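Good morning, colleagues, and thank you for making time for this short presentation. I would ask you to keep the sequence and the structure in view while I speak.

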Amino acid sequence: MAVMGRPRTFDRDKAVDEALHLFWQNGFEATSLNQLKAAMGGGISAPSFYAAFGSKEALFQECVQRYLETYAQVTECLWDTDMAPRDAIETALRQSARMQYERGHPKGCMVGLGVMSAPSEEHASVSAALTRSRSRTRKGFVACVQRGIDRGELDPGVAPEGLAAVFDAFLMGLSVLARDRVRLSVVEAGIGQVMLAWDAAARSERDAARAGRA
């Protein structure tokens, strides 16, 4: 009589990592149950898969949470008020670029690529956590620009959302550059160029001095 359940070789933590890489590479809808089972190894059966994870959607949500708690932390510096706001933005961009190009996992950012992870209305809720993460990062850029204005580093006429969109758009575009195998050195040079948008919005020393005397 066949014995149901997980194979003895089943390593759940490792299986989640393997599933994370598949979802990261392909998105939710394009990743099949058969692909997930094959990646997990150990001859896991469909009943064992559902016993371990509940559903493909539940597994995806678990993988997303793992990604957000690890790889996605590269942009948390946007909320570090001990850092100069310009430094926080540049650090977030450079850390994210290096992470997206690392070996050992798919290229690009799962959060950025998550726009197409579940494009149909039927599965729209699946990628809600990724959408919230993008929104949080966007707010982080806005917060940095606003701090720059409040500290007198940027011209008070700068629109925080507008300047933040420059950095956010570049960050989202990194995934495409990484998938297209554009060299990391080129991307890093691009980060230097995009930071000129901050410098262009910065107050001149003369204006800053005048503001200080006012």
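Let me begin with the overall content. The protein has 11 helices and 0 strands. I should say at once that this is a predicted model. Followed along the sequence, the pattern reads α-α-α-α-α-α-α-α-α-α-α.

Next, a few totals for the protein. Of its 214 residues, 38% are buried. The exposed surface comes to about 11,300 Å², and carbon and sulfur atoms supply 52% of that area. Turning to contacts with a separation of 6 or more, 71% of them are accounted for by residues 24 or more positions apart.

I now turn to two helix pairs, taking them in sequence order.

The earlier pair is helix H2, residues 33-40, and helix H3, residues 46-53. Their axes lie 11 Å apart, and the helices pack at an angle of about 85 degrees. H2 is therefore roughly perpendicular to H3, since angles of 65 to 115 degrees are given that description. Which residues meet here? From H2 they are Leu33, Leu36, Lys37 and Met40, and from H3 they are Ala46, Phe49, Tyr50 and Phe53. Sorted by class, this contact of H2 with H3 holds 7 nonpolar residues, no polar ones and 1 charged residue.

The later pair is helix H7, residues 128-150, and helix H8, residues 160-179. The two axes come within 8 Å and cross at roughly 135 degrees. H7 is therefore oblique to H8. The crossing in which H7 passes H8 is right-handed. On the H7 side, the contact is made by Arg134, Thr137, Arg138, Phe141, Val142, Val145, Gln146 and Ile149. On the H8 side, the residues are Pro160, Glu161, Leu163, Ala164, Phe167, Asp168, Leu171 and Met172. By class, the contact of H7 with H8 comprises 10 nonpolar, 2 polar and 4 charged residues.

Before closing, I would like to stay with H7 for one residue, Lys139, which is placed in that helix. Is Lys139 buried or exposed? Its relative accessible area is 54%, so Lys139 counts as exposed, the cut-off for that term being over 50%. How far is Lys139 from Leu78, in sequence and in space? The two are 61 residues apart in sequence, and their C-alpha atoms are 9.0 Å apart in space.

That concludes the presentation. Thank you for your attention.

Definitions and conventions
Residues are numbered from 1 along each chain as its sequence is written. This is a predicted model: local features need pLDDT of at least 70, side-chain atom pairs count only at pLDDT 80 or more; totals for chains, interfaces and linings use all residues. Side-chain values use heavy atoms; hydrogens and water are left out. Axes are lines fitted to C-alpha atoms, for helices over the stretch in contact, and angles run from 0 to 180 degrees between N-to-C directions. Helices (H or I, at least four residues) and strands (E, at least two) are DSSP runs, numbered from the N terminus. Angles under 35 degrees count as roughly parallel, over 145 as roughly antiparallel, 65 to 115 as roughly perpendicular and the rest as oblique. A crossing is left-handed if the near helix is turned anticlockwise from the far one by less than a right angle, and right-handed if clockwise. Contact means heavy atoms within 4.5 Å. Ala, Val, Leu, Ile, Met, Phe, Trp, Tyr, Cys and Pro count as nonpolar, Asp, Glu, Lys and Arg as charged, and the others, Gly among them, as polar. Buried means under 20% relative accessible area, exposed over 50%, partly exposed in between (1.4 Å probe, protein chains only). Accessible areas come from the Shrake-Rupley method with a 1.4 Å probe; for residues, only the protein chains shown count as cover.
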